[in-house]
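Me: I should like to learn how to read the structural features of a protein chain, one after another. May we begin with the general picture and then turn to particular contacts?

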Amino acid sequence: MFSNAQTRRQSVLWLMAALSALVVYMLATTVALAQGKQNFTLINHTGYTISEVYVSPSKSDSWDEDVMEEDVLPNNAKVDITFSRKEKACLWDLKVVYDDGESAEWENFNLCEVSSIAISYSRKTGETWATYE
């Protein structure tokens with residue numbers, strides 16, 4: 001049989017493990033709640049460097065600020081675009097500007113359902129398109 005001290009020690013160890021699991025769960029939940037449901041990953045498969053990225057609600061008549069700030073998105077690279085948890089709009093427009101000044105735009109991405117957008121370009125046809133998941 002276990003002594004009183006051993007039983008107490010096991011109880012304390014069990015309680016510490018349970019509290020640790022609770023803390024990990026709470027931290028994970030807090031991080032998830034702080035992120036917007038519109039977050040997505042933008043992937044550049046165009047063969048060019050993207051120097052600016054604009055994401056604005058579809059209802060807006062103007063573009064918000066460049067979400068890349070001073071960074072660029074080289075070919076075959078990706079960047080996570082994040083939103084505030086307070087953001088409610090689901091339909092968003094996307095505009096990218098390449099390092100040569102050319103741009104491409106898309107409308108009405110449902111970012112509440114999209115987790116990644118890949119942008120591609122065909123030099124042969126001159127066509128730019130976006131695929132999403």
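Reply: Let us begin with burial. The model is predicted, and 29% of the 133 residues of its chain count as buried. The exposed surface of the chain is about 9300 Å², with carbon and sulfur atoms supplying 53% of it.

Me: How many helices and strands make up the secondary structure of the chain?

Reply: There are one helix and seven strands. Read from the N terminus, the order of elements is α-β-β-β-β-β-β-β. Contacts can also be read by sequence separation: among those between residues at least 6 apart, 58% join residues at least 24 apart.

Me: Which residues of the largest nonpolar core touch the most other members?

Reply: This core has 21 residues, and those with the most contacts to other members are Leu42, Val55, Leu94, Val96, Leu111, Ile117 and Ile119. At least two core residues come from each of strand 1 (40–45), strand 2 (50–57), strand 4 (91–98), strand 5 (103–110) and strand 6 (116–121). Strand 4 gives the largest share, with four residues.

Me: Which residues does Ile117 touch, not counting residues up to four places away in sequence?

Reply: Its partners include Phe40, Thr41, Leu42 and Ile43, together with Leu94, Phe109 and Leu111. Ile117 also touches Ala130, Thr131 and Tyr132.

Me: How should a disulfide be read, and what does the count come to here?

Reply: In general, a disulfide is a covalent bond between the sulfur atoms of two cysteines. Here the count comes to one disulfide. This bond joins Cys90 to Cys112, with an S to S distance of 2.0 Å. Cys90 lies in the loop between strand 3 (78–81) and strand 4, whereas Cys112 lies in the loop between strand 5 and strand 6; the pair links distant parts of the chain, 22 residues apart.

Me: Why is the disulfide of Cys90 and Cys112 described as left-handed?

Reply: The description follows from the torsion about the S-S bond: its value is about -85°, so the disulfide is left-handed.

Me: Are these cysteines buried or exposed?

Reply: Buried requires a relative accessible area under 20%, and exposed requires one over 50%. Cys90 has 26% and is therefore partly exposed. Cys112 is also partly exposed, with a value of 26%.

Me: How is an aromatic pair described, and how many does the structure hold?

Reply: The general description uses the distance of the centres and the angle of the planes. The structure holds four aromatic pairs. For Tyr48 and Tyr121, the ring centres are 5.7 Å apart and the planes lie at 70°, so the pair is edge-to-face. Because Tyr48 is in the loop between strand 1 and strand 2 and Tyr121 is in strand 6, the pair ties together parts 73 residues apart in sequence. Ring pairs also link Tyr48, Tyr98 and Tyr121 into a cluster.

Me: What are the accessibilities of Tyr48 and Tyr121?

Reply: Tyr48 is partly exposed at 29% relative accessibility, and Tyr121 is partly exposed at 27%.

Me: Why do the rings of Phe109 and Tyr132 count as edge-to-face?

Reply: Planes over 60 degrees apart count as edge-to-face. The planes of Phe109 and Tyr132 are at 85°, with the centres 5.6 Å apart, so this pair is edge-to-face. Phe109 belongs to strand 5 and Tyr132 to strand 7 (residues 128–132), 23 residues apart. Phe109 is buried at 7% relative accessibility, whereas Tyr132 is exposed at 54%.

Me: Where does the charged end of Lys95 sit?

Reply: The charged end of Lys95 sits over the ring of Tyr54, at 5.8 Å from the ring centre.

Note on methods. Residues numbered from 1 in each chain as written. Predicted model: local features only at pLDDT ≥ 70, side-chain atom pairs only at ≥ 80, totals over all residues. Heavy atoms only, no water. Core = buried A, V, L, I, M, F, W, Y, C linked by side-chain atoms within 4.5 Å. Buried < 20%, exposed > 50% of the residue type's maximum accessible area, 1.4 Å probe, protein only. Contact = heavy atoms within 4.5 Å. Areas by Shrake-Rupley, 256 points an atom, 1.4 Å probe, with all protein chains shown as cover. Disulfide = S-S within 2.5 Å. Phe/Tyr/Trp six-rings, centres within 6.5 Å; stacked < 30°, edge-to-face > 60°. Lys NZ or Arg CZ within 6 Å of the ring centre and 35° of its normal.
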